[in-house]
Amino acid sequence: MMLNRSYGLLVVVLALCLPGISQQSNTAEQPALTIYNANFAVVRQNIPLDLKAGTNRVSFTDATAHIEPDSVILRDPTGRRTLQILEQNYRNDPVSQELLLSLNEGKTIDFQVDHVDAQGQKHTEIVQGKIIRSGYVPHDSAMGQYDQQYQLQQAAYARETSQPIIEVNGKLQFTLPGLPLFPTLGQDTILKPALNWVLQTDRGGNSTAELSYVTGGMSWHADYNIMSPPKGDTLELVGWVTIDNQSGKEFDNARIKLMAGDVNKVTPEVRSYAYLSTNGAADSVVQPPVSEKAFDEYHLYTLERSTTLHDRETKQVEFVAAGGIKSQRLYVYSGAAIDNRYGYYNYDQIRNDQNYGTQSNPKVWVMQEFKNSKANNLGMPLPKGRMRFYRRDDDGQVEFTGENTIDHTPADETVRVKTGNAFDIVGERKRANYRIDANRRFLDESFEIKVRNHKKEAVEVRVVERLYRWTNWEIQQKSDDYNKLDSQSVEFRVQVPPDGEKVVTYTVHYSW
């Protein structure tokens, strides 16, 4: 179950009046996870109850190390009893050597000191030392994540107080004389982070509560591996999701969902290669072990098989596989190498600098484009991630040919990815004329663009020109037809012969 925070967070509320919990940390049924691609997850698990009518004190120690305590939701899924959380306390100070030193400040304890004599024999002695300062810093700078000044203060405090001070034989030293031997763990220490509740219920007995909360330390991302044959651009695609669990907790036999989309969440200021099979491409989508559906304004991917997710584990699962994807390779030449060293930010500055935008970029981009549609053997909404492209050589060897990232791409949209720069196609752009009349408020500028093709076959190159001098423009002369891409961009699609050259010229008239 997910609720909204009043300050815009996706999923959370402090559930001080929702039902049920247990003193036992063992789950009665398999846990469920919904993992978001923004380093957080929603956890849902069932907890056995053993409560008496009235007020109960319950401690729960099976949450993740990165739980958001104010996101806790606790309820009785059967609705058979009334449960109310009267109070919730979150303890995240598990016992450690540093903490026990802190609890024993001002006291004298034993330290075990090991020595090795000249003959290499190990000897142990017990030295008594009085703990003047433990060096324990109870809070780090993350506690002040919303307050930069607090962060600086905490960092300075940690630097100044993190060294212990121990008195041994009347002398002070800034290191421990040996291994501290504590008589007890001390009162009110805990071994694991704990949620402590004061619960009230109208009925006693055994039952099961459902606990939900938001946690950090979990994330997922998508990777796509795309294979081309030795000739042509009919693609095979395999998509993987990589799940990373750094939450401090293992989830055994868990049901896992992955949420894709730009979910708003208030936040403070390992990828793996997978290779495609060498078998031929199928002509239809292979049914993957992940199902997908629209959910609210996002897309939800459900792993069909339950799986165990160990702490500090990275797991890959295939979620889409398709073959026979028709695609086309594009060559795009954007010849203007815009010089931003002057930091220009308005049209008057750009318009009056006649050298602006006249540097030539020789690189021609190589792009791969395909339709994400059922007719093209795809049609599943593709979460954002990295796309790696491979091509099989004539001898069967797989060669890497480039990679880039895509954003969330709905079904029936076009995927276009730049994979690199062409080796055998180069461009050259130079200005042929520039004339500005400030009194009559116009500017004329002419360009000559050359595209040279050193391949043995003809290619189509899309010559893209940015009309950056002013928003009001008109192309008055041109050597080739063009398409208007947006309010300040045009594209000339030209054919360049093998071992040949194509020249594109145009004159643009600006007025203001």
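Ile-126 sits in strand 7, which covers residues 122-133; strands here are DSSP runs of E with at least two residues, numbered from the N terminus. This is a predicted model, where local features need pLDDT of at least 70, side-chain atom pairs count only at pLDDT 80 or more, and totals for chains, interfaces and linings use all residues. Residues are numbered from 1 along each chain as its sequence is written, and side-chain values use heavy atoms, with hydrogens and water left out. Below is a quick tour of a surface patch and some salt bridges.

**The nonpolar patch**

- Ile-126 joins Leu-179 and Leu-181 in a nonpolar patch on the surface, and together they offer about 250 Å² of accessible area.
- Patches are built from residues with over 30% relative accessible area and no salt bridge, joining nonpolar side chains (Val, Leu, Ile, Met, Phe, Trp, Tyr) within 5 Å and like charges within 9 Å.
- The areas come from the Shrake-Rupley method with a 1.4 Å probe, and for residues only the protein chains shown count as cover.
- With a relative accessible area of 47%, Ile-126 is partly exposed; that class lies between buried (under 20%) and exposed (over 50%), using a 1.4 Å probe and protein chains only.

**Salt bridges across the chain**

- The whole structure holds 25 salt bridges, each being a side-chain nitrogen of Lys or Arg within 4 Å of a carboxyl oxygen of Asp or Glu.
- One of them pairs Glu-210 with Arg-75, at 2.9 Å from N to O.
- Glu-210 belongs to strand 12 (residues 205-216) and Arg-75 to strand 4 (residues 73-75), so this pair ties together parts that are 135 residues apart in sequence.
- Glu-210 is buried at 11% relative accessible area, whereas Arg-75 is partly exposed at 28%.
- Arg-416 and Glu-369 also form a salt bridge, with their closest N and O atoms 2.7 Å apart.
- That pair links distant parts of the chain, 47 residues apart: Arg-416 is in strand 23 (residues 414-437) and Glu-369 in strand 20 (residues 363-371).
- Arg-416 is partly exposed, with 42% relative accessible area, while Glu-369 is buried at 12%.

**A network and a buried pair**

- Asp-223, Arg-386, Arg-388 and Glu-403 are joined into one network by salt bridges that share partners.
- Asp-233 meets Arg-391 in a salt bridge, the closest N and O atoms being 3.1 Å apart.
- Asp-233 counts as buried at 19% relative accessibility, and Arg-391 counts as buried at 17%.

How values were computed: Helix = DSSP H or I, 4+ residues; strand = E, 2+ residues; numbered from the N terminus.
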